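Biologist: I'm new to this structure and would love a close look at a single part. Could you pick one residue and walk me outward from there?

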Amino acid sequence: MYVAVKGGERAIENAHGWLAEERRGETAVAELSVDQIREQMKLAVNRVMAEGSLYDPDLAALAIKQARGDLIEAIFLIRAYRTTLPRFGSTHAIDTGNMACIRRISATFKDAPGGQVLGPTFDYTHRLLDFKLAADGEVPPAPQAAPRKEPTPHITEFLNHEGLIQTEDASDETPPDLTREPMELPGSRALRLQALTRGDEGFVLGMAYSTQRGYARNHAFVGELRIGTVAVEMDIPELGFAIEIGEIEVTECETVNQFTGSKTEPPQFTRGYGLVFGQTERKAISMALVDRALRWRELGEDDMGAPAQDEEFVLYHSDNIQATGFLEHIKLPHYVDFQSELELVRRLRREAEGAGQEAAE
Amino acid sequence: MTKMTARKDWMSLLAKAPPRALAALWEGRGAPDFTWLRAPEIGAAMVRGRMGGTGAPFNMGEMTVTRCSLQLEGGAVGHGYVQGRDKAHAERAALVDALMQTEAAERIRAEVLEPLRAEMTGRAEARAAKAAATKVEFFTLVRGDD
């Protein structure tokens, strides 16, 4: 017999009321504004935009406030909102070669044209807590120097001249979109890159780290890491031409990987690629490493059986909203399921006891 | 500059403009009479990137965009396509686009577009200047006897 149970409306309502109060916290402390979160929690906002897969700093800041700083919950809110938006179209591919860089470094070429530009980085800080920040937020203006006017060239171009690095063949093929069609495996590199750029930072980082520790080792150099703004162009049907519909900040990482050649490819450097919304360099570097590991098949490398080479494993577990949805559903009422399990265990125990007595007799 | 590239240029500028900056420049200007061809609508555009920066395209994620279309009394049609979710901003962008096709063009250019461009260029240059100040100047330490 199945007995449906209802109830809990009042408890749920009161729980949500308390949630709102807890979100606000101690009222003697000034309330956080969405503008403050957008301006001062910028890297959290960037992560929510990247994994929420929607570039809109105001919305991401609002989501962070609503989620009480739980970034996965905030990403969930953004993903849910995203599905309500009509899609006006797809943009032209952004031109990262024309990026207005605020940071651009290379671990492979010291004297690359455009130079090593550190930007607003945590690198080289001592990672000591700065108690001055607890006291006041006054900072002197950042120093300035003569700005570079011309675009900063991509570093891999230099290796390309010598034919020492695998080339990326341009095309205008329409890429698959995992938000519109169910993911089919084996997937294309375009599908993998889409999954990785919106994938959970922690998961992608862990996968990338595993390749560095020897699981599908593909020794990577950061050929180039750049952060900056790019214009986004889209065709406007009613105009009959393309215009820039906005400007976004992105982080791009190109890795250069040792490659001794395979059955199909000559010895040359190969590439991993990371491109992520916002200032998100840990994620972009991780993405590039995992992208490279997943390319074993097309480069004719051996399957080492490493997790980072397993497309199905990586792509089906990188999405933190899918993961959290499935994981957290087990805390919801499973009274009936569990009741049947309980019955089963009781019966098995009775049978086992009965068998034991028979054997003793 | 051809008519098309000129229009592309100002529409791109308006799309990227901070809403507050355009609103400030627009303020005090009586809105001309117009009819909506398409009321402001919030949506998204799927942003693409290229593998390795130059290769085949892939989908990165979406960005919010607001669009609208309107027609002035005189017949000029203006389109607004702006980043974000600010409907009033899209309306101002469409009005500027429409007015740029009328006799008011020169005035709008001088009073709205040029100051807007100057402000945005100034902001971008300030960031580029701060980046330039963080450029590493390497120097070599001579070691050994020879």
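Modeller: Happy to; what follows starts at one alanine of chain A and moves outward to its domain, the nonpolar core and the partner chain. Please keep in mind that this is a predicted model.

Let's begin with A:Ala60, which sits in helix 4 of chain A, a helix made of residues 57-66. Is this alanine buried or exposed? A:Ala60 counts as buried because it has 32 C-beta neighbours inside 10 Å, and the cut-off for being buried is 20 or more. Setting aside residues up to four places away in sequence, A:Ala60 touches A:Val45, A:Val48, A:Met49, A:Gly52, A:Ala74 and A:Ile78. Another residue to find on screen is A:Ile37: it lies 23 residues from A:Ala60 along the chain, and their C-alpha atoms are separated by 9.1 Å.

Now zoom out a little. Chain A is divided into three parts: domain 1 (2-82), domain 2 (96-122 + 143-318) and domain 3 (329-360). The centres of domain 1 and domain 2 of chain A, taken over C-alpha atoms, are 30 Å apart. Where these two domains of chain A meet, 8 residues of domain 1 are in contact with 11 residues of domain 2. On the domain 1 side, helix 3 of chain A (residues 42-52) gives the largest share, with 6 residues. By class, that side of domain 1 consists of 4 nonpolar, 2 polar and 2 charged residues.

Our alanine also belongs to something wider. In soluble globular proteins, nonpolar side chains tend to be buried together. Here the largest nonpolar core has 102 residues, and A:Ala60 is among those that touch the most other members, along with A:Val48, A:Val232, A:Val290, B:Leu14, B:Ala45 and B:Val47. Domain 1 and domain 2 of chain A each give this core at least three residues. For a second stop in the core, try A:Val290, whose contacts beyond four places in sequence are A:Leu196, A:Val204, A:Met207, A:Ala208, A:Ala308 and A:Val314.

Some of those core residues carry the letter B, which brings us to the other chain. How many residues of chain B are in contact with chain A? There are 50 of them, and they meet 66 residues of chain A. Helix 1, strand 1, strand 2, strand 3 and helix 4 of chain B each supply at least two residues of that side. Strand 2 of chain B makes the largest contribution, 11 residues. Sorted by class, this side of chain B has 24 nonpolar, 15 polar and 11 charged residues. Strand 2 of chain B also pairs with strand 1 of chain A (residues 54-55), in the parallel sense and over 2 bridges. In that pairing, A:Tyr55 has B:Met63 as its bridge partner.

While you are in chain B, have a look at helix 3, residues 87-99. From first C-alpha to last, this helix of chain B reaches 18 Å, close to the 18 Å expected. Helix 3 of chain B is mostly covered, with 11 of its 13 residues buried; B:Leu95 and B:Val96 are among them. The buried residues of this helix pack against several elements of chain B, including helix 1 (3-16), strand 2 (57-72) and helix 4 (105-132).

Finally, step back to chain A as a whole. Chain A has 13 helices and 6 strands, and its C-alpha trace spans about 90 × 65 × 55 Å along its principal axes. Of its 361 residues, 35% count as buried, and A:Ala60, where we began, is a buried residue too.

Key:
Residues are numbered from 1 along each chain as its sequence is written. Chains are lettered from A and ligands numbered from 1 in the order in which they are written. This is a predicted model: local features need pLDDT of at least 70, side-chain atom pairs count only at pLDDT 80 or more; totals for chains, interfaces and linings use all residues. Helices (H or I, at least four residues) and strands (E, at least two) are DSSP runs, numbered from the N terminus. The expected span of a helix is 1.5 Å times one less than its number of residues. A residue is buried if 20 or more other C-beta atoms lie within 10 Å of its own, exposed if 12 or fewer, and partly exposed in between; C-beta atoms are placed from the backbone. Two residues are in contact if their C-beta atoms, placed from the backbone, lie within 7 Å. Domain bounds come from an automatic or database domain assignment. Ala, Val, Leu, Ile, Met, Phe, Trp, Tyr, Cys and Pro count as nonpolar, Asp, Glu, Lys and Arg as charged, and the others, Gly among them, as polar. A nonpolar core is a set of buried Ala, Val, Leu, Ile, Met, Phe, Trp, Tyr and Cys residues joined through C-beta atoms within 7 Å. Two strands pair if DSSP finds at least two bridges between them.
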